[in-house]
Amino acid sequence: MDPVSGKFVPLEPGIPANDPNQYKYELQCHLGGGDFDTECLALLVDCKNGPDGTEGIPVVWLKAPAGVPNPVWTYHSGPTCLFDARPEELLPRIAALIQTEFQKLPIVAGKATAQPSPHTLRGAETNFFAEADPQQFDIKILAQDVHVDAKPVQYSWNYGDGTSLGPTTATGGPLPQERWGEKTATSHVYTQTGDFSVVLTTHFQGTYSVNGGPPLPIPGQGQFSSAPQTVSVWRSITRNYADDCLKNPQGQGCPGAPQPSR
């Protein structure tokens, strides 16, 4: 810190640092982890037009006595803009934010398909399968270029009747119509009739790289749910009739005859 101007300036080689304090910066409005003060965010310092057209980050500066381990930090100055020519110093801060930013990405959730659909039978196996694609995104975090790769790795099914499956790595798959009703790794048997909303949640695992650096793993998983898909569960009824509809058009089972109650 320049004692005359009170501003932070590059330290000239050979000049000893005689400042009694040590300093660090915190992101403006940062509350810790991935949390920010939403009211404060509306008052962020504009750091878009920095030296040579670079974009900076809004920070506040804190101070503590020099040489004291684990000191108590107090406010020194700011908010102001920090234009860091060495973005690798921001990696720990980006790492602290990446999981929250990952969940905010517009990742397309997996697609759920039911066989048969939209109608199925009570007591029969209804085959469900998932389809999801890897996706890529280029975003800005703390004014740095961050590339994100998202890959689907697990799937969770909510069948809408109080039962669920997963997380599982099994995606399931389509069956030819003549095999509908077979049990599969992701199929489900409904025991009641009615309309049920089925939701597929796809779990994505991600990696990120900063400014073209090596890919780094994103801790945890991002979970993205598809829109509910309605499956109507019916029941099947089989009856035997002895009437000849030509002789008795009003016999049970004949066209135009009153149908038996269900």
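Two strands are said to pair if DSSP finds at least two bridges between them, and strands here are DSSP runs of E with at least two residues, while helices are runs of H or I with at least four residues, both numbered from the N terminus. The model on screen is predicted, so that local features need pLDDT of at least 70 and side-chain atom pairs count only at pLDDT 80 or more, whereas totals for chains, interfaces and linings use all residues. Residues are numbered from 1 along each chain as its sequence is written, and side-chain values use heavy atoms, with hydrogens and water left out.

Start with the whole protein chain, in which there are 2 helices and 16 strands. Of its 262 residues, 29% count as buried (under 20% relative accessible area, with a 1.4 Å probe and protein chains only).

Next, select residues 125-131, which form strand β8, and then add β6, which is joined to β8 by 5 bridges and runs antiparallel to it. Within this pairing, K111 has E131 of β8 as its bridge partner. Both strands belong to an open sheet of 3 strands in the order β6-β8-β12, with antiparallel pairing. Because β6 (111-115) and β12 (188-189) stand at the edges with a single partner strand each, one side of each is left without a neighbour in the sheet.

Move on to strand β9 (residues 135-141) and strand β10 (residues 144-158), which pair in the antiparallel sense over 7 bridges. On this pair, K140 can be picked out opposite D145 in β10. The hairpin of β9 and β10 has 2 residues between the strands, and L142 there takes a positive phi near 55 degrees.

Keep β10 selected and add residues 194-210, which are strand β13; the two run antiparallel and are joined by 12 bridges. Which residue of β13 is the bridge partner of A150? It is G206.

Now replace β13 with residues 164-168, strand β11, which pairs with β10 in the antiparallel sense over 3 bridges. Here the bridge partner of W157 is L165 in β11. In the hairpin of β10 and β11, which has 5 residues between the strands, look for G160, whose phi is positive, near 85 degrees.

Finally, return to the whole protein chain and show its contacts, meaning heavy atoms within 4.5 Å. Among those between residues at least 6 apart in sequence, 65% join residues at least 24 apart. With the surface displayed, the protein chain exposes about 16100 Å² (Shrake-Rupley method, 1.4 Å probe), of which carbon and sulfur atoms supply 53%.

Definitions and conventions: Buried < 20%, exposed > 50% of the residue type's maximum accessible area, 1.4 Å probe, protein only.
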